[in-house]
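Colleague: I have a model open and some questions about its contacts. Can you take me through them?

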Amino acid sequence: QVHVVESGGGSVQTGGSLRLSCAASGRIESTYTMAWFRRSPGKEYEFVAAISWSGDSTYDDDFVKGRFTISIDNTKNTGSLQMNALKPEDTAVYYCNVIEGPWGSKALNYWGQGTQVSVSS
């Protein structure tokens, strides 16, 4: 069992930055993956980025390239999503997801409660 908690959301203007954090506790293995998803009102969950627990491999969607950076501190079982050049369309609840396996596997996974990010124009 893994417990996941996000923090760091808030409200910013267009072009601003926010740094989201994810803390994982419980049984953590080096083969896990940490991922970020988001959900805007009336929309489905959208993949943002993922990183292997070792930090060696990262994955992200096209819309974040050059703006968002995912990182992990596997000594503390914490991860971050640095978001720069934010746009109003980035407004969503952001969720951290810890997967008991590599990215793309259908392994058991755990979700945090989400943190709200609001970007005004």
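Modeller: Start with Arg 38. Leaving aside neighbours within four places in sequence, Arg 38 is in contact (heavy atoms within 4.5 Å) with residues including Glu 44, Glu 46, Glu 89, Asp 90 and Tyr 94. This is a predicted model: local features need pLDDT of at least 70, side-chain atom pairs count only at pLDDT 80 or more, and totals for chains, interfaces and linings use all residues. Residues are numbered from 1 along each chain as its sequence is written, and side-chain values use heavy atoms, with hydrogens and water left out.

Colleague: Is Arg 38 buried or exposed, and what is its relative accessible area?

Modeller: Arg 38 has its place in strand S4 (strands are DSSP runs of E, at least two residues, numbered from the N terminus). Buried means under 20% relative accessible area, exposed over 50%, partly exposed in between (1.4 Å probe, protein chains only). Arg 38 counts as buried because its value is 6%.

Colleague: Which residue makes a polar contact of 2.9 Å with the side chain of Arg 38?

Modeller: A polar contact is a pair of N or O atoms within 3.5 Å; within protein, one must be able to donate a hydrogen and the other to accept it, and residues adjacent in sequence count only if both atoms are side-chain atoms. At 2.9 Å, the side chain of Arg 38 is joined to that of Tyr 94.

Colleague: Now Arg 27. Which side chain is joined to that of Arg 27 by a polar contact of 3.3 Å?

Modeller: Arg 27 is found in the loop between S3 and S4. Arg 27 is partly exposed, with a relative accessible area of 47%. Not counting residues up to four places away in sequence, Arg 27 touches Gln 1, Val 2, Tyr 32 and Glu 100. The polar contact of 3.3 Å is with Tyr 32.

Colleague: What separates the C-alpha atoms of Arg 27 and Glu 100?

Modeller: Arg 27 touches Glu 100. Along the chain they are 73 residues apart, and their C-alpha atoms are separated by 9.7 Å.

Colleague: How many disulfides are there, and what is the angle about the S-S bond?

Modeller: A disulfide is a pair of cysteine sulfur atoms within 2.5 Å, and a search of the whole structure finds 1. Cys 22 and Cys 96 form it, with sulfur atoms 2.0 Å apart. The pair links distant parts of the chain, from Cys 22 in strand S3 (residues 18-26) to Cys 96 in strand S9 (residues 92-99), 74 residues apart. Both cysteines are buried, and the link is left-handed, at -80°.

Colleague: Which residue in S8 stands opposite Cys 22?

Modeller: Strands pair if DSSP finds at least two bridges between them. S3 and strand S8 (residues 78-83) run antiparallel, joined by 6 bridges. Opposite Cys 22 stands Gly 79.

Colleague: Which strands stand at the edges of the open sheet?

Modeller: The open sheet has 4 strands in the order S1-S3-S8-S7, with antiparallel pairing. Each edge strand has a single partner strand, so one side is left without a neighbour in the sheet. The edges are S1 (2-7) and S7 (68-73).

Colleague: Why is the pair of Phe 37 and Phe 47 given its class?

Modeller: Rings of Phe, Tyr and Trp (its six-membered ring) pair if their centres lie within 6.5 Å; planes under 30 degrees apart count as stacked, over 60 as edge-to-face and the rest as tilted. Both Phe 37 and Phe 47 are buried. Their ring centres are 5.7 Å apart and their planes at 65°, so the pair is edge-to-face.
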